[in-house]
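Reader: Hello! I would like a close look at one part of this model, please, in a single connected account. Start wherever you think best, and tell me how that part sits in the rest of the chain.

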Amino acid sequence: MQPDKFFCARGDSISITFNISRDFTENTWEMKNHKVAMLQFYGDNGKTEVTAREGKETHIRMYMHSEGTKLFAMQTIPASIEIEADEFNKYLKEHSLDEAYNERRKTSSLDKPGRESYERFTKLLVQVGVKRSDICCQATGFPLEIIPETNPYSLKAGDVIRLRILFEGKPLF
């Protein structure tokens, strides 16, 4: 999720585009409901389900009616893709996925297309006005989740951010 701005004033609208690239600037994703398992907005009134219109929508627009830190959380449905063998092997090497690469070599599969199954779990924080809130410090229920212990918008340059990492609702550390 890529907002047109991370900071805004009360009453402003925010446009959130759904991009699927390493730097979130290319490959805009068509926001079809059948790809989204959950899209939620966390604000002053708790959690609200957000729905996108059917069709080729590539963004949502929401108006920020109150000050405070806002949280968007999205989970997609499970999906899979098939990737040409050379490209998949290159991907495994670039991302240091040695175990998977070695398994493909051991099973004589380096010349076969690769298959990747995935889901997307993403969060977005937006700051409306100057009022800070701890809405960003709560769990959303994702299977794997990184949660700040302090509102990141309250930190100054050089401050350390403390995070909780949960897997299936339980701390990993």
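Author: Happy to. Let us begin with a term: two residues are in contact when they have heavy atoms within 4.5 Å of each other. On that basis, among the contacts in the protein chain between residues at least 6 apart in sequence, 59% join residues at least 24 apart. Please keep in mind throughout that this is a predicted model. The protein chain holds 2 helices and 13 strands, and 34% of its 173 residues count as buried.

The part I would pick for the close look is the meeting of the helices. Helix α1 spans residues 85–94 and helix α2 spans residues 98–106; their axes come within 8 Å and cross at roughly 140°. That angle makes α1 oblique to α2, since the label of roughly antiparallel is kept for angles over 145 degrees. As for its hand, the crossing of α1 and α2 is left-handed. On the α1 side, the residues that make the contact are A85, F88, N89, L92 and K93, and α2 answers with A100, Y101 and R104. Sorted by class, the contact of α1 with α2 has 5 nonpolar residues, 1 polar residue and 2 charged ones.

Staying with α1 for a moment, there is a salt bridge to look at. The side chains of K90 and E94 meet in it, at 3.9 Å from N to O. The cut-off for such a pair is 4 Å, so 3.9 Å falls within it. K90 and E94 are 4 residues apart in helix α1, which means that about one helical turn separates them. E94 counts as partly exposed because its relative accessibility is 47%, and the partly exposed class runs from 20% to 50%.

Just past the helices comes a residue whose backbone deserves a glance. S108 is found in the loop between α2 and β9, a strand that covers 114–118. The phi of S108 is near 55°, a positive value in a residue other than glycine. With a relative accessible area of 53%, S108 is exposed. E168 offers a companion example: its phi is near 55° too, again positive in a residue other than glycine. E168 lies in the loop between β12 and β13, the latter covering 170–171, and at 58% relative accessibility E168 counts as exposed.

The K90–E94 pair also leads us outward, to other charged pairs. In general, side chains of opposite charge can pair when their charged atoms come close. By the distance rule used here, the count comes to 6 salt bridges. One of the pairs is E145 with K123, whose side chains meet at 2.7 Å, N to O. E145 lies in strand β11 (residues 144–148) and K123 in strand β10 (residues 121–128), so this salt bridge ties together parts that are 22 residues apart in sequence. The two partners are set differently towards the surface: E145 is buried, at 2% relative accessibility, whereas K123 is partly exposed, at 27%.

Another pair is E149 with R162, where the closest N and O atoms are 3.7 Å apart. Both partners are in the loop between β11 and β12 (163–167), 13 residues apart, and the pair links distant parts of the chain. E149 is partly exposed, with a relative accessible area of 43%, while R162, at 57% relative accessibility, counts as exposed.

To close the circle, let us return to links across the sequence and follow two residues from the start of the chain. A9 is found in the loop between β2 (7–8) and β3 (13–17), and it is partly exposed, with a relative accessible area of 38%. Leaving aside its neighbours within four places in sequence, A9 is in contact with M64, V128 and G129. A9 and V130 are 121 residues apart in sequence, yet their C-alpha atoms are 8.5 Å apart in space. Q2, in strand β1 (residues 2–3), spans a sequence gap of 14 residues to I16, with 5.4 Å between the C-alpha atoms. At 27% relative accessibility, Q2 counts as partly exposed.

Terms used: Residues are numbered from 1 along each chain as its sequence is written. This is a predicted model: local features need pLDDT of at least 70, side-chain atom pairs count only at pLDDT 80 or more; totals for chains, interfaces and linings use all residues. Side-chain values use heavy atoms; hydrogens and water are left out. Axes are lines fitted to C-alpha atoms, for helices over the stretch in contact, and angles run from 0 to 180 degrees between N-to-C directions. Angles under 35 degrees count as roughly parallel, over 145 as roughly antiparallel, 65 to 115 as roughly perpendicular and the rest as oblique. A crossing is left-handed if the near helix is turned anticlockwise from the far one by less than a right angle, and right-handed if clockwise. Ala, Val, Leu, Ile, Met, Phe, Trp, Tyr, Cys and Pro count as nonpolar, Asp, Glu, Lys and Arg as charged, and the others, Gly among them, as polar. Buried means under 20% relative accessible area, exposed over 50%, partly exposed in between (1.4 Å probe, protein chains only).
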